[in-house]
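Reader: I am a first-year student and I would like a close look at one part of this structure, namely its largest cavity. Please start with what lines it, then work outward to the parts around it.

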Amino acid sequence: MFATPSQASPSTPIRVAIVGTGAIARGSHLPALRALAAEQPLEIVAAVDVDAASVEAFCADAGTGSPYTDLDLMLAEQRPDLVTLGTPPRFHRDQTIASLRAGAWVWCEKPPCPSLEDFDAIEAAEGPERGGPYAAIVFQHRFGSGADHVRALLAEQAMGRPLVAHCQTTWYRDEAYYSVPWRGRWSTEGGGPSMGHGIHQMDLLLDLLGPWSEIRAMAGRLVHDVETEDVSTALVRFENGTMATVVNSVLSPDEVSRIRIDCERATVELTHLYGHRNADWRITPAPGVPLEQTAAWRDFGADVPSSHEAQLRGLLADLRAGRRPRSSGADGRTSLELVAALYKAAFTGNTVRAGEIGPCDPYYGALHGNAPGWAPEPAEAGA
């Protein structure tokens with residue numbers, strides 16, 4: 001039985017619980033919820049963390065919500081409409097399923113969960129196709145006015161067919177970053193830069209270009225003593241024929257996030273780091289394109305930055321309407337499937353095709369696929 005109120009009245013407050021009271025909750029979830037509470041009926045009714053002092057301080061600082069250290073108790077007592085998850089990836093499956101079964105929609109931080117098997121279990125726990133509850137992944141880079149404008153141009157083929165693309169997440173993480181015990185481990189971080197860092201740009205690329213068809217890849221540990229990779233490269237072919245390169249790195253002192261798509265009549269490029277505005281997008285026309293056509297392409301309208309707030313605003317509207325939100329279900333799974341396929345292609349040396357990784361595939365249950373030299377040591381895997 002699902003208790004969440006689908007198609008809630010616009011005047012009915014949406015009851016929200018925040019699970020995990022660390023940096024992402026304080027720096028992104030709480031500010032987004034506060035901003036949206038100024039626009040619509042919304043109430044933070046609870047926060048949950050295994051650290052009692054942390055959750056009590058969080059609720060005191062927020063000035064709202066009851067503190068809990070037990071998720072199930074909170075769900076039973078508060079019956080929230082929406083749960084936001086800012087916990088480590090290894091907890092996402094169980095916490096999301098518990099919340100869905102209690103009737104709450106879920107907004108879960110990336111990485112979504114450590115495997116496709118976990119994601120499919122989450123999707124199976126969702127409510128009926130009409131009404132929910134649903135679980136969406138935080139992929140805020142595909143939201144905002146810039147992404148909306150370019151997505152529309154590409155969908156209409158206003159600049160011609162997309163032909164060549166580049167997706168780059170080249171960041172820098174030093175030894176101090178990896179001195180934290182849970183980092184660089186499959187069981188706790190979920191993967192290396194392909195999973196924990198580059199998934200945002202890869203998700204945006206997929207959102208702009210549509211389904212991919214095949215991938216070839218390489219991965220390496222060039223600097224850091226970790227289980228996962230610290231750099232990966234890939235070649236991706238999309239169903240529409242576009243051919244793309246993908247680079248994910250934590251070895252790059254000159255940090256940048258970039259997407260470039262070369263179409264028949266123009267190149268569109270996004271250059272930023274952790275979020276983008278209209279000014280971060282550039283459109284360069286091919287020779288002979290009329291000035292008025294270029295001006296229309298470059299008219300992005302009012303500037304709405306990519307942000308947690310932009311995505312959450314849409315999710316709340318979907319919750320009130322009882323319709324499936326973006327980055328949930330198959331739409332949320334596609335980026336995780338590409339990451340799993342990247343690892344399989346890199347660790348096996350084979351070309352991997354979309355839809356190939358199913359329940360009988362070792363990369364379905366673990367992103368390392370038990371590959372020699374990449375899978376955790378047996379003792380740690382058991383732990």
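Author: Helix H5 gives the most to the lining of the largest cavity, with three residues. Please keep in mind that the model is a predicted one. H5 covers residues 116-124, and strand S6, covering 135-137, is the other element named here: each of the two supplies at least two residues of that lining. The full list of lining residues is Phe-119, Ile-122, Glu-123, Glu-126, Ala-135, Ile-137 and Gly-329. Sorted by class, four of them are nonpolar, one is polar and two are charged. The volume of this cavity is about 50 Å³. With a cut-off of 30 Å³ or more, the count of cavities is one.

Now follow the chain on either side of H5. The loop between S5 and H5 contains Pro-111. Lys-110 and Pro-111 are joined by a cis peptide bond, with omega about -10°. After the helix, the loop between H5 and S6 contains Pro-133. There, too, the peptide bond is cis: it joins Gly-132 to Pro-133, and omega is about 10°. Both bonds deserve a remark because most peptide bonds are trans.

S6 leads on to the sheet. Six parallel strands make up an open sheet, and their order is S3-S2-S1-S4-S5-S6. S6 is therefore an edge strand, as is strand S3 (66-68), since each of these pairs on one side only. From one strand to the next, the twist averages 20°. Inside the sheet, strand S1 (residues 14-19) and strand S4 (residues 82-85) run parallel and are joined by four bridges. One detail of this pairing is that Ala-17 has Val-83 in S4 as its bridge partner.

Helices lie across these strands. Helix H1 (residues 23-37) lies across S1, strand S2 (42-48), S4 and strand S5 (105-108), at about 155° to S2. Helix H2 (residues 52-62) lies across S1, S2 and S3, and its angle to S3 is about 165°.

H1 also takes part in an open space, the largest pocket. H1, helix H3 (71-78) and helix H4 (92-101) each provide at least two residues of the pocket lining. The pocket holds about 1,300 Å³ of space. Its lining has 41 residues, and those closest to the centre are Ile-24, Gly-86, Thr-87, Pro-88 and Lys-110. Lys-110 has come up already, as a partner in the cis bond with Pro-111. By class, the pocket lining has 15 nonpolar, 17 polar and nine charged residues.

One backbone angle belongs here as well. Arg-79 sits in the loop between H3 and S4. Its phi is positive, about 50°, although Arg-79 is not a glycine. This is worth noting because most residues other than glycine have a negative phi.

Last come the aromatic rings. There are eight aromatic pairs in the structure. One of them is formed by Trp-281 and Phe-300, a tilted pair with 6.5 Å from centre to centre and 35° between the planes. Trp-281 belongs to strand S13 (residues 281-285), while Phe-300 is in the loop between helix H11 (291-297) and helix H12 (308-321), so the pair ties together parts that are 19 residues apart in sequence.

Conventions: Residues are numbered from 1 along each chain as its sequence is written. This is a predicted model: local features need pLDDT of at least 70, side-chain atom pairs count only at pLDDT 80 or more; totals for chains, interfaces and linings use all residues. Side-chain values use heavy atoms; hydrogens and water are left out. On a 1 Å grid over the protein atoms alone, a cavity is a set of points where a 1.4 Å probe fits but cannot get out, and a pocket is an open set with protein on both sides within 12 Å along at least five of seven lines; lining residues have an atom within 4 Å of a point. Grid points are joined across faces, edges and corners, and a volume is the space filled by probe spheres set on the points. Ala, Val, Leu, Ile, Met, Phe, Trp, Tyr, Cys and Pro count as nonpolar, Asp, Glu, Lys and Arg as charged, and the others, Gly among them, as polar. Two strands pair if DSSP finds at least two bridges between them. Axes are lines fitted to C-alpha atoms, for helices over the stretch in contact, and angles run from 0 to 180 degrees between N-to-C directions. Contact means heavy atoms within 4.5 Å. Rings of Phe, Tyr and Trp (its six-membered ring) pair if their centres lie within 6.5 Å; planes under 30 degrees apart count as stacked, over 60 as edge-to-face and the rest as tilted.
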